[in-house]
Amino acid sequence: MKILLTDCTLAELDAYDAEPGRLFQLLRELEKLPVAALELSSAVYRKLRPFAIFSGAKKAYFLRIRYEEEQSLYPGFAGYLMLDREPREAGEAERFCCIDEKNALMFYRLRGYCKCTGIVGRSVLSVLAAQKDSFELAPLDQYHCATALAMEWMMQGGCRVAGALAGMGGCACLEEILAALHARKMADFSGSLLALPRAKHYLEQITGKCIPKKKPVLGQDIFAVEAGIHVDGLQKSSELYEPYPPALVGLERRIVMGKYSGRRAVSIKAQEMGIELRPGQAEKILACLQEYCTVTRHSPGDEEFCELIRAEG
């Protein structure tokens, strides 16, 4: 199935006073992702214009404009997106049209559909998906189900979807859509997800906001494991606990010590740190660990865990 993803991240950054160089760094990382097109706002493009972004570009570039007359001011884009119809009633999607340089219609974008879930929503999406070459769905995340809407759209046969990194501008989270497509084996990627950590880094610098450590796909701690039964299970069969391997998105699995750790987790963590425990030592260290967590009310870092081992030994 041919999936055409549009990355709208750079079209949702007008509210931030981003440096052109930082925008260009983000652009180059986003280009590495398995998306068909990158969308820019005219304000962002004006900052990027000195970098000659079209030179050697392997992705299509779309520009979000307000009026058709603006098209002549910014030549060279594969498509130009502008609002075609306001919502007629609450809950209805905005409709954008995407035209090429010759003013020929490429497709319509439907932006919204926040409440388009369940059986009713599925029927609406299936009707639209029957004209899959004519529509692109850009679900919004007001009800925290934009990724689910995007996946439902594609499962119904829709092939065009728009999202933004970390859900910028209230869009569906692009990284979640990419991870879901990989987990369900619904698309053949021509790019890599390894660019996500660096793209996230530049996005944080531009917005001045840190992405939560537990944010799906992007969070640096999503593969941090504490509970003993999970640590043991991951060692035996990681696919039962993880929908995809950490390396897919440029992350690593980390075992962290805490009050829910078990003897097996203590042994594995010590082994990872190059420490060989004596028979029966793991139980004693576990008791010290639990006491430490109770007294300090926080989990030990790697150095503190080493101190616990040395103190017990």
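Student: What makes strand E6 and E7 count as a pair, and in which sense do they run?

Tutor: In this predicted model, strand E6 (residues 105–112) and E7 are joined over 5 bridges in the parallel sense. Pairing asks for at least two bridges, so the 5 bridges meet the requirement and the two strands are called paired. One position to look at is Gly112, which stands opposite Pro139 in E7.

Student: How do you know that strand E7 is largely enclosed by the rest of the structure?

Tutor: A residue is called buried when its relative accessible area is under 20%. In strand E7, which covers residues 135–139, 5 of the 5 residues are buried, and therefore the strand is described as largely enclosed by the rest of the structure.

Student: Which residues of E7 point one way, and which the other way?

Tutor: In a regular strand, the side chains alternate between the two faces of the sheet. Phe135, Leu137 and Pro139 point one way from E7, while Glu136 and Ala138 point the other way, and all of them are buried.

Student: What makes helix H4 count as mostly covered?

Tutor: Helix H4 spans residues 146–155, and 8 of its 10 residues are buried, a word that stands for a relative accessible area under 20%. The buried residues are Ala146, Thr147, Leu149, Ala150, Met151, Glu152, Trp153 and Met154. After H4 comes Gly157, whose phi is positive, near 115 degrees.

Student: Why is Ala52 called partly exposed?

Tutor: The relative accessibility of Ala52 is 43%, and partly exposed is the class between under 20% and over 50%, so Ala52 is placed in that class. Ala52 is found in the loop between helix H2 (42–48) and strand E3 (60–64), and its phi is near 50 degrees, a positive value in a residue other than glycine.

Student: Why is Asn103 placed in the class called partly exposed?

Tutor: Asn103 has a relative accessible area of 41%, so by the limits of 20% and 50% it is neither buried nor exposed. Its place is in the loop between strand E5 (94–99) and E6, and the phi of Asn103 is near 70 degrees, a positive value in a residue other than glycine.

Student: What does Ala78 touch, not counting residues up to four places away in sequence?

Tutor: Ala78 touches Ala60, Tyr61, Phe62, Ile99, Asp100 and Met106, where a contact means heavy atoms within 4.5 Å. Ala78 and Asp100 are 22 residues apart in sequence, with their C-alpha atoms 6.0 Å apart in space. Ala78 lies in the loop between E3 and strand E4 (79–85), and it is called partly exposed because its relative accessible area is 35%, a value between the limits of 20% and 50%.

Student: How do the residues that line the second largest pocket divide into nonpolar, polar and charged?

Tutor: The lining of the second largest pocket divides into 7 nonpolar, 1 polar and 3 charged residues. Among the lining residues are Glu204, Lys209 and Lys215, and since Glu and Lys are types counted as charged, these names belong to that class. The space in this pocket is about 150 Å³.

Student: How much of the protein chain counts as buried?

Tutor: Of its 313 residues, 49% count as buried, and its secondary structure comes to 10 helices and 10 strands.

Key:
Residues numbered from 1 in each chain as written. Predicted model: local features only at pLDDT ≥ 70, side-chain atom pairs only at ≥ 80, totals over all residues. Heavy atoms only, no water. Buried < 20%, exposed > 50% of the residue type's maximum accessible area, 1.4 Å probe, protein only. Helix = DSSP H or I, 4+ residues; strand = E, 2+ residues; numbered from the N terminus. 1 Å grid on protein atoms, 1.4 Å probe; cavity = no way out; pocket = protein on both sides within 12 Å on 5 of 7 lines; lining within 4 Å. Points joined across faces, edges and corners; volume = space filled by probe spheres on them.
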